[in-house]
Amino acid sequence: MDQPTTVLNQTIALTSNPDAIVLDEVDGHQILDLGNRIQVSLTLSSQDALDKLATLTAQAAANKRARYLREVA
């Protein structure tokens, strides 16, 4: 096959318990555990991908807070 292997995308929601989101180490690899049995291997991820994840996560948090503040106002 000339087609690369693909993984099906799935939309997920993070746990509602922020304490369940942790940075862990498993067999010498840093793992970001997002709760709900979702884990991201940080050791095996590129620095560019980690930087982009951090940037987009911060942007999403700011957008959500702004939306909430507009609703309250």
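**Exercise 1. How do the residues of the lining of the largest pocket divide into nonpolar, polar and charged?**

Solution. The model is a predicted one.

Step 1. List the lining: Leu14, Leu32, Leu34, Val40, Leu53, Thr57, Ala60, Ala61, Lys64 and Arg67.

Step 2. Assign classes. Leu, Val and Ala count as nonpolar, while Lys and Arg count as charged. Thr is not named in either class and therefore falls among the polar residues.

Step 3. Count. The lining has seven nonpolar residues, one polar residue and two charged residues.

**Exercise 2. State the volume of the largest pocket, and find which element gives the most to its lining**.

Solution.

Step 1. The volume of the largest pocket is about 410 Å³.

Step 2. Helix H1 covers residues 47–72. Among the lining residues are Leu53, Thr57, Ala60, Ala61, Lys64 and Arg67.

Step 3. H1 is the element that gives the most to this lining, with six residues.

**Exercise 3. Describe how strands S1, S2 and S3 pair**.

Solution.

Step 1. S1 spans residues 22–26 and S2 spans residues 29–33; the two are antiparallel and share five bridges. Within this pair, valine 22 lies opposite aspartate 33 of S2.

Step 2. S3 consists of residues 39–41 and pairs with S2, again in the antiparallel sense, over three bridges. Here isoleucine 31 faces serine 41 of S3.

Step 3. S2 thus appears in both pairings, with S1 and with S3.

**Exercise 4. Which residues in the two hairpins have a positive phi?**

Solution.

Step 1. Begin with the expectation: most residues other than glycine have a negative phi.

Step 2. The hairpin of S1 and S2 has two residues between the strands, and aspartate 27 in its turn has a positive phi of about 50°.

Step 3. The hairpin of S2 and S3 has five residues between the strands, where the phi of glycine 35 is positive and near 80°.

Step 4. Check the loop between S2 and S3 for further cases. Asparagine 36 is in this loop, and its phi is positive, about 55°, although the residue is not a glycine. Arginine 37 is also placed there; its phi is positive too, near 65°, and arginine 37 is likewise a residue other than glycine.

**Exercise 5. Identify the nonpolar surface patch formed by Tyr68 and its partners, and place leucine 69 in an element**.

Solution.

Step 1. The patch is made of Tyr68, Leu69 and Val72.

Step 2. Together these residues have about 330 Å² of accessible area.

Step 3. Leucine 69 belongs to helix H1, residues 47–72. H1 is also the main contributor to the lining of the largest pocket.

Methods:
Residues numbered from 1 in each chain as written. Predicted model: local features only at pLDDT ≥ 70, side-chain atom pairs only at ≥ 80, totals over all residues. Heavy atoms only, no water. Patch = residues over 30% accessible without salt bridge, like charges linked within 9 Å, V, L, I, M, F, W, Y side chains within 5 Å. Areas by Shrake-Rupley, 256 points an atom, 1.4 Å probe, with all protein chains shown as cover. Salt bridge = Lys/Arg side-chain N within 4 Å of Asp/Glu carboxyl O. Helix = DSSP H or I, 4+ residues; strand = E, 2+ residues; numbered from the N terminus. 1 Å grid on protein atoms, 1.4 Å probe; cavity = no way out; pocket = protein on both sides within 12 Å on 5 of 7 lines; lining within 4 Å. Points joined across faces, edges and corners; volume = space filled by probe spheres on them. Pairing = 2+ DSSP bridges.
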